[in-house]
Amino acid sequence: MSDLRELYQEIILDHNKQPRNFGRLEDARRADGHNPLCGDQITVYLKMNGDIIEDARFEGAGCAISKASASMMTEAVKGHTVDEVEGLFEGFHRMVTSEPGMLPDVEKLGKLAAFSGVCEFPARVKCASLAWHTLRAAIEEAKTPVSTE
Ligand code: ZN
């Protein structure tokens, strides 16, 4: 278990240091998200092709968890349909809000399972899920910024 924990930690630190898909997309859907509790700020950009997310990028500043989560989210959603992404978000949310030691099945979440330790730190749940809430707003082309409060 502790080996797994270390691996998860490494994945998060790596994505924080070298965020994937960082930067803006022109002529794309976008939404802003804010987590006032921690000060995390993020903008998500999406290129859609019908129901499929063709490209996803993000910009922003925040804690390691929020940045790594946004980085891994953009990797996880590319090439997937809105329905598939909604399913991923549900699984991710269930994982980070579960009782410690009562983890739901995280296998289909792939690398996103790196955030399973977040459930032990309720204050960080919003850091981990900010990118996902913002992604959802970008899909819906919401005009009002997302706030976790
Ligand atoms: Zn944060």
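I started just past helix 2 (helices being DSSP runs of H or I, at least four residues, numbered from the N terminus): Gly79 follows that helix and has a positive phi, near 85°.

Some housekeeping. This is a predicted model, so local features need pLDDT of at least 70 and side-chain atom pairs count only at pLDDT 80 or more, while totals for chains, interfaces and linings use all residues. Numbering runs from 1 along each chain as its sequence is written, and side-chain values use heavy atoms, with hydrogens and water left out.

Helix 2 next. I checked its length: 14 residues at 1.5 Å a residue should span 20 Å (1.5 Å times one less than the number of residues), and the end C-alpha atoms are indeed 20 Å apart. Ten of the 14 residues are buried (under 20% relative accessible area, 1.4 Å probe, protein chains only), so helix 2 is largely enclosed by the rest of the structure. Among them I noted Ile65, Met72 and Val77.

Then I zoomed in on Thr74, which sits in helix 2 (residues 64-77). Thr74 counts as buried because its relative accessibility is 0%. A polar atom of the Thr74 side chain lies 2.7 Å from the backbone oxygen of Ser71. Beyond neighbours within four places in sequence, I found Thr74 in contact (heavy atoms within 4.5 Å) with Arg20, Asn21, Ala56, Arg57 and Phe58.

Last stop, the zinc ion. Its coordinating atoms come from Cys38 (SG), Asp40 (OD, listed twice), Cys63 (SG) and Cys127 (SG), at 2.2 to 2.6 Å. I wrote the donor spacing down as C-x1-D-x22-C-x63-C. Asp40 is buried, with a relative accessible area of 0%.

Note on methods: Helices (H or I, at least four residues) and strands (E, at least two) are DSSP runs, numbered from the N terminus. Buried means under 20% relative accessible area, exposed over 50%, partly exposed in between (1.4 Å probe, protein chains only). A polar contact is a pair of N or O atoms within 3.5 Å; within protein, one must be able to donate a hydrogen and the other to accept it, and residues adjacent in sequence count only if both atoms are side-chain atoms. Donors are N, O and S atoms within 2.8 Å of the metal (3.2 Å for Na, K and Ca); water is not among the atoms, so sites may look incomplete.
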